[in-house]
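Subject: Handing over the structure

Hello,

Here is the structure I promised to pass on to you. Please open it beside this message and follow along as you read.

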Amino acid sequence: MRQNTLLAPTLREAPADSEAISHQLLLRAGFIRQLAAGIYTYLPLGWRVLRKLESIVRQEMDAAGAQELLMPAMQPAELWQESGRYDVYGPELIRLSDRHDRAFALGPTHEEVITALVRDEIQSYRKLPVTLYQIQTKYRDERRPRFGLLRGREFLMKDAYSFDTSWEGLNRTYWRMYEAYGAIFARCGLNVRPVEADAGAIGGEGSTHEFMALADIGEDTIASCTHCDYASNLEKARAGDRGAQTSTDRTSVIPQPEKIHTPNIRTINELVAALDIHANELIKTIVALVDGKPVAILVRGDHDVNEIKVRHYFGGAANFEMADADTIERLTGAAVGFLGPIGLDLPILADIAVARMSGGVAGANERDFHLRNVQPLRDIPHAQIGDFRNVAERDPCPRCEEGTLAFNRGIEVGHVFKLGTKYSEKLGAAFLNAEGKRQAAIMGCYGIGVSRMLSAIAEQNHDAGGLVWPLAIAPFHVHLIPVSIKDETQMQAAERLYQELSARGIEVLLDDRDERPGVKFKDADLFGIPMQVVVGKQAGEGLVEFKFRNQTLKNTIPIDEATRRIMEKMNSIG
Ligand code: 9G3
């Protein structure tokens, strides 16, 4: 392609509100343009990358035995009412009415649609198992779209849905998808780690895994073991109990709780300083409203409450919010900072690390007073004990006896779920088994954020000059740059190489603009096309300058040698 005609409007500076480097670079390099918050146009360079990502996803999904189809974005509200989800989702679900005033939703996902299709079209076990997938635009009215394509309101997703006749069948399908995801991300040049995840609102009986692209901008925190392959989303991560002392062997010798005067000493840090103790000797009392009901949660002073775990304890509560100071005073009579578990007339959840404490310090539920020698198992007998905290860095690994947990940030680019019969029962997708008995299909669902991948790859592949695309998904393979288009010799050599490479199926962007060399080189580095060939003064001797975008080394070599190196590099992606 000739760059003089290419629509790729570059920007010298990134717009102020773009915090993520991928967002800045995709805007500056003319790959995307925002139409509205969280809604983007993919300009030609961005669209070329997106289509290559789709192509790799298709190849691996087809190879894994899935069949591609395309479902509508406009979904009748009735389906969401049948599944019971119409009222579960709030403003995030974009709703509209048609000209006959019938209610629709713009599809944020397609469990309802695909399950209704299979209900209507598949009745016999002979037609199962089947895995159907699409690559299609999803709509989710995020409250705070941000970081460009990383969190949009209209985005491209590959979503697949499997229907099996047994849990063993689902298991086989699930791991086949899991393997296909590994192949997809590897081929796209994305450094991804699979982590155990929380099934969340989607429910479903089985485990789920998320595929996290490691990047500091990522909104998710991954806890992974320094020694074994344990890795989990922080939402679900557990700590091993290696080395945790149990308190029961010392219950008897601890004296009764004793009030201590702590005038205006409210925070963990103030208490640690004033009482000369460690945060792990403190009991932190949090009051939260879970589905509107007040609950007290106790965690050690050096730990944090894990909201997802608390919601799961209450059977997947939809709402969780911290109580504000007035609510706390109204409910407990205690000022914030002096709140404690003893004498608290609320349901109390105590994290297991608190239950193990002997002689902790807690609020006394009286202004300016705390209690020491609190022995939770003895003094808070009605507390429900469980795992209610976020793991902390250096906690022991829950799986192996050697490693400890380390944190990384990640961008969720894939998510695979075992759904079981959650949707097939609600929507009646059943089959007659070999004995003629009606059974609900056992489902799984598998998503990849295709447009999000574009940004995740940019987050992982850039340098000071701009984007650095992996060859398999780059918008072009070679950036061919004649230094001066007025120089006949240079242009002839460039044209000849352009024809030669194009004839071999190499995608070449020829910079035929009448621009100064410096501008051409800066734009080439910004676009991030993996191989650069500069045709300059030595064109007359048949020599060009060859450079890989992800290396600093430049070589002046004969034109035919450049062709050979380019073909050799192309062979590396098959
Ligand atoms: C909604 C809205 C937002 C949503 C959902 C429903 C996320 C919703 C979870 C999934 C699960 C899987 C198939 C592909 C892989 C992910 N956000 N989820 O169900 F109505 Cl507004 O989408 N679906």
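Below is a short tour of what was found, from the whole chain down to single residues.

**The chain as a whole**

Please keep in mind that this is a predicted model. The chain has 574 residues, and 52% of them are buried. Its secondary structure comes to 15 helices and 31 strands. If you measure out the C-alpha trace along its principal axes, you get a span of about 95 × 65 × 50 Å.

**Aromatic rings**

A good place to begin is with the rings, as there are 13 aromatic pairs in the structure. One of them is formed by Y178 and F211: their ring centres are 5.3 Å apart and their planes meet at 55°, so this pair counts as tilted. An angle over 60 degrees would have made a pair edge-to-face, and one under 30 degrees would have made it stacked.

Where do Y178 and F211 sit in the chain? Y178 belongs to helix 5 (residues 167–187), while F211 belongs to strand 10 (residues 208–214), so to speak a link between distant parts of the chain, 33 residues apart. Both residues are buried.

This pair also has company. Ring pairs join Y174, W175, Y178, Y181, F185, F211 and Y446 into a cluster. Y174, a member of that cluster, has K418 over its face, at 4.8 Å from the ring centre. There is another such arrangement to look at: R48 lies over the face of F476, 3.8 Å from the ring centre.

**A pocket to look at**

Next, the second largest pocket, which has a volume of about 530 Å³. It is lined by 30 residues, and those closest to its centre are A244, R300, A353, R356 and R389. What classes of residue make up this lining? There are twelve charged residues, with nine polar and nine nonpolar ones.

**Cysteines**

How many disulfides does the structure hold? The count is zero. Take C225 as an example: the nearest cysteine sulfur belongs to C397 and is 3.7 Å away, and C225 is in no disulfide. For a disulfide, the two sulfur atoms would have to be within 2.5 Å. C225 counts as buried because its relative accessibility is 11%. C445 is buried too, with a relative accessibility of 4%.

**Backbone details**

Some spots in the backbone deserve a look of their own. The peptide bond from L128 to P129 is cis, with omega near 5°. You will find P129 in the loop between helix 4 (111–121) and strand 7 (130–139).

Two residues other than glycine have a positive phi: N365, at about 60°, and R394, near 75°. N365 is part of strand 18 (residues 360–366), whereas R394 is in the loop between strand 20 (384–386) and strand 21 (405–420). Are they buried or exposed? N365 counts as buried, since its relative accessibility is 17%, and R394 is exposed, with a relative accessible area of 66%.

**Distances along the chain and in space**

Finally, here are three pairs of residues to find in the viewer.

- Q256 and N373 are 117 residues apart along the chain, and their C-alpha atoms are separated by 6.3 Å. Q256 lies in the loop between strand 12 (231–233) and strand 13 (258–261), and it is exposed, with a relative accessible area of 53%.
- A355 and G505 are 150 residues apart along the chain, with 67 Å between their C-alpha atoms. A355 is in helix 9 (residues 352–355), and its relative accessible area of 6% makes it buried.
- S207 and A197 are ten residues apart in sequence, and 7.5 Å separates them in space from C-alpha to C-alpha. S207 is in the loop between strand 9 (192–196) and strand 10, and it counts as partly exposed at 29% relative accessibility.

If you would like a starting point, try the ring cluster that includes Y178 and F211, and then move on to the pocket whose centre has R300 and R356 among its closest residues.

Enjoy exploring, and best wishes

Terms used:
Residues are numbered from 1 along each chain as its sequence is written. This is a predicted model: local features need pLDDT of at least 70, side-chain atom pairs count only at pLDDT 80 or more; totals for chains, interfaces and linings use all residues. Side-chain values use heavy atoms; hydrogens and water are left out. Rings of Phe, Tyr and Trp (its six-membered ring) pair if their centres lie within 6.5 Å; planes under 30 degrees apart count as stacked, over 60 as edge-to-face and the rest as tilted. Helices (H or I, at least four residues) and strands (E, at least two) are DSSP runs, numbered from the N terminus. Buried means under 20% relative accessible area, exposed over 50%, partly exposed in between (1.4 Å probe, protein chains only). A charge sits over a ring if NZ of Lys or CZ of Arg is within 6 Å of the ring centre and within 35 degrees of the ring normal. On a 1 Å grid over the protein atoms alone, a cavity is a set of points where a 1.4 Å probe fits but cannot get out, and a pocket is an open set with protein on both sides within 12 Å along at least five of seven lines; lining residues have an atom within 4 Å of a point. Grid points are joined across faces, edges and corners, and a volume is the space filled by probe spheres set on the points. Ala, Val, Leu, Ile, Met, Phe, Trp, Tyr, Cys and Pro count as nonpolar, Asp, Glu, Lys and Arg as charged, and the others, Gly among them, as polar.
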